[in-house]
Amino acid sequence: AKILGGFTGHGYQLTQTGDTEKLGSPMTKSPPAAILAVLDSGELAALSDRFADAGVAVFNLTAGDDALRRQCRTNLLNVAASDRMRADAVNQWRKRSDSPAIEALAWHGDFKKFAGRELNNRFRRTSGTTMDDGAWAGWAAVKMIAEAVARTRGTSPGDILVYLRDEMEFDGQKGVPHTFRDSGQLRQPLLIVEDGALAGEAPVRGVVETDDLDSLGLASCKE
């Protein structure tokens, strides 16, 4: 983000806090451009409500609750895969394989395709740990924000949110563009993991079309 900002004249600062009240008033002259949150569903809903009128995007990095996606919150962007997305991915895979010990993840430290190897290697070098779902979601959210600022040529939270929800086609290093549904859920492929090792990807080829990302999870918050 900082490298891109060097070309567009924008600077970035990521401020961490364990107290959402320290985020300040959403109606100040300089509200945050966006908020990255690791919170439970109730806390996310309250945070979304607090910053809704100011149009500040709140990125959900970890909570999978489907009930949260059904609330049609305009400023809550769910980068984390929903529980139903994971369940749908597992069910698709089981139509091809009877293996019981599988799970669906947003990311895996051994993923190599679509420049995934390079992303994993960069993350290991800078953090000393392996990129997991939460780390991928955090990386993705920051990259989305930087892209939105570059595209809208400004730092208005409202403009950033509109771009993210209505215009963005995000490269999450998983081979297809990621976009947001009306539920605020990020459409994305998931990785099938068996006993800790990569086994495949969902949408599962031969079960559904591989580009049918809406086969994973609620297609709309109005369902």
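Strand 7 (residues 190-194) and strand 8 (residues 197-202) form a hairpin with two residues between them, and aspartate 195 in the turn has a positive phi of about 50°. Helices (H or I, at least four residues) and strands (E, at least two) are DSSP runs, numbered from the N terminus. The model is predicted: local features need pLDDT of at least 70, side-chain atom pairs count only at pLDDT 80 or more, and totals for chains, interfaces and linings use all residues. Residues are numbered from 1 along each chain as its sequence is written, and side-chain values use heavy atoms, with hydrogens and water left out.

**The antiparallel sheet**

The hairpin belongs to an open sheet of three strands in the order 4-7-8, with antiparallel pairing; two strands pair if DSSP finds at least two bridges between them. Strand 4 and strand 8 are the edge strands, each pairing on one side only. From one strand to the next, the twist averages 30°. Strand 7 is joined to strand 4 (residues 102-105) by four bridges and to strand 8 by five bridges. Four of the five residues of strand 7 are buried, that is, under 20% relative accessible area with a 1.4 Å probe and protein chains only.

The table gives residues that stand opposite each other in paired strands.

| Residue | Opposite residue | Strand of the opposite residue |
|---|---|---|
| Glutamate 103 | Valine 193 | Strand 7 |
| Isoleucine 192 | Glycine 200 | Strand 8 |
| Glutamate 194 | Alanine 197 | Strand 8 |
| Asparagine 60 | Asparagine 78 | Strand 3 |

**The parallel sheet and its helices**

Another open sheet of three strands has the order 1-2-3 and parallel pairing. Its edge strands are strand 1 (34-37) and strand 3 (76-78), each of which pairs on one side only. Here the twist averages 25° from one strand to the next. Strand 2 and strand 3 run parallel and are joined by three bridges.

Helix 6 packs on this sheet, touching strand 1 and strand 2, and its direction makes about 175° with that of strand 1. Axes are lines fitted to C-alpha atoms, for helices over the stretch in contact, and angles run from 0 to 180 degrees between N-to-C directions. Helix 7 lies across strand 2 and strand 3, at about 40° to strand 3.

The axes of helix 6 and helix 7 come within 9 Å and cross at roughly 105°. The two helices are therefore roughly perpendicular to each other, a term that covers angles of 65 to 115 degrees. Their contact (heavy atoms within 4.5 Å) includes Met144 and Ala148 of helix 6 and Ile160 and Leu164 of helix 7.

**The nonpolar cores**

In soluble globular proteins, nonpolar side chains tend to be buried together. A nonpolar core is a set of buried Ala, Val, Leu, Ile, Met, Phe, Trp, Tyr and Cys residues joined through side-chain atoms within 4.5 Å. The largest one has 43 residues, and Phe59, Trp136, Met144 and Leu164 have the most contacts inside it. At least two residues of this core come from each of several elements, including strand 2 (57-60), helix 6 (133-152), helix 7 (157-166) and strand 7. Helix 6 supplies the largest share, 10 residues. Beyond its neighbours within four places in sequence, tryptophan 136 is in contact with residues including Val79, Trp107, Leu119 and His178. A second, separate core has 12 residues, among them Ala45, Phe51, Val56 and Ala63.

Conventions: Buried means under 20% relative accessible area, exposed over 50%, partly exposed in between (1.4 Å probe, protein chains only). Angles under 35 degrees count as roughly parallel, over 145 as roughly antiparallel, 65 to 115 as roughly perpendicular and the rest as oblique.
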